[in-house]
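Me: I would like to learn how to read the pockets of a protein model. Please take me through one case.

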Amino acid sequence: MPATARLDIAITDRNPHVREFLCRELAEEGHRAGALTGAEQLLKALSGSRPPQVLVLDPEAVGQSLAEVARRLRDLAGQVLVLLHVFEGEDPQPGFEGALVVEKEPHVGALKAAISALAAQLGGRERGLSSPQDAQEKP
């Protein structure tokens with residue numbers, strides 16, 4: 001089994017072009033990425049029998065439902081890893097303490113690196129390893 005996991009990723013962004021672009025970029029990395037247009041689709045995905053492993057969330061994409069989304073994600077603690085994808089200088093979002101934060105940039109290198117680190121960490125867990133460093137040390 002590989003040291004990195006192929007992840008089920010949900011992308012929620014206010015811009016439909018960015019959503020589709022991120023889905024394509026992450027699919028090229030071997031992940032299963034799907035675009036969610038807003039709060040209604042996101043809450044439905046989080047309530048399903050198989051929520052995404054990772055949520056890339058632009059908080060503005062869910063608008064006034066952000067508190068409801070945060071509550072649902074707290075209910076799924078440990079099941080869905082949250083990666084906030086925000087512009088530089090945006091205020092921290094209440095209810096998302098502990099979420100990984102990646103700034104939006106013209107290139108997606110930082111986002112891909114964060115996803116790769118999560119995949120390595122999850123891949124290590126699947127192999128019974130306690131950390132990404134363990135995954136690097138074992139064949």
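Reply: Keep in mind that this model is predicted. Start with the residue classes around the largest pocket: its lining holds 10 nonpolar, 3 polar and 2 charged residues.

Me: How is such empty space found, and how much of it lies in the largest pocket?

Reply: Rolling a probe the size of a water molecule over the atoms shows where empty space is left. In this model the largest pocket has about 270 Å³ of space. Its lining is made up of 15 residues, and those closest to the centre are Val80, Val82, Glu97, Gly98 and Ala99.

Me: Which elements give two or more residues to that lining?

Reply: Helix H3 (66-75) and strand E4 (81-86) do. H3 gives the largest share, 3 residues.

Me: How much space lies in the second largest pocket?

Reply: The volume there is about 160 Å³. The second largest pocket is lined by 16 residues, with Val18, Leu22, His85, Lys104 and Glu105 the closest to its centre.

Me: Which elements give two or more residues to the lining of this second pocket?

Reply: Three are to be named: helix H1 (16-28), strand E5 (100-103) and helix H4 (109-126). The largest share, 3 residues, is that of H1.

Me: How many residues of each class are in the lining of the second largest pocket?

Reply: The count is 8 nonpolar, 3 polar and 5 charged. For the largest pocket, set beside it, the count is 10 nonpolar, 3 polar and 2 charged.

Definitions and conventions
Residues numbered from 1 in each chain as written. Predicted model: local features only at pLDDT ≥ 70, side-chain atom pairs only at ≥ 80, totals over all residues. Heavy atoms only, no water. 1 Å grid on protein atoms, 1.4 Å probe; cavity = no way out; pocket = protein on both sides within 12 Å on 5 of 7 lines; lining within 4 Å. Points joined across faces, edges and corners; volume = space filled by probe spheres on them. Helix = DSSP H or I, 4+ residues; strand = E, 2+ residues; numbered from the N terminus. Nonpolar A, V, L, I, M, F, W, Y, C, P; charged D, E, K, R; others polar.
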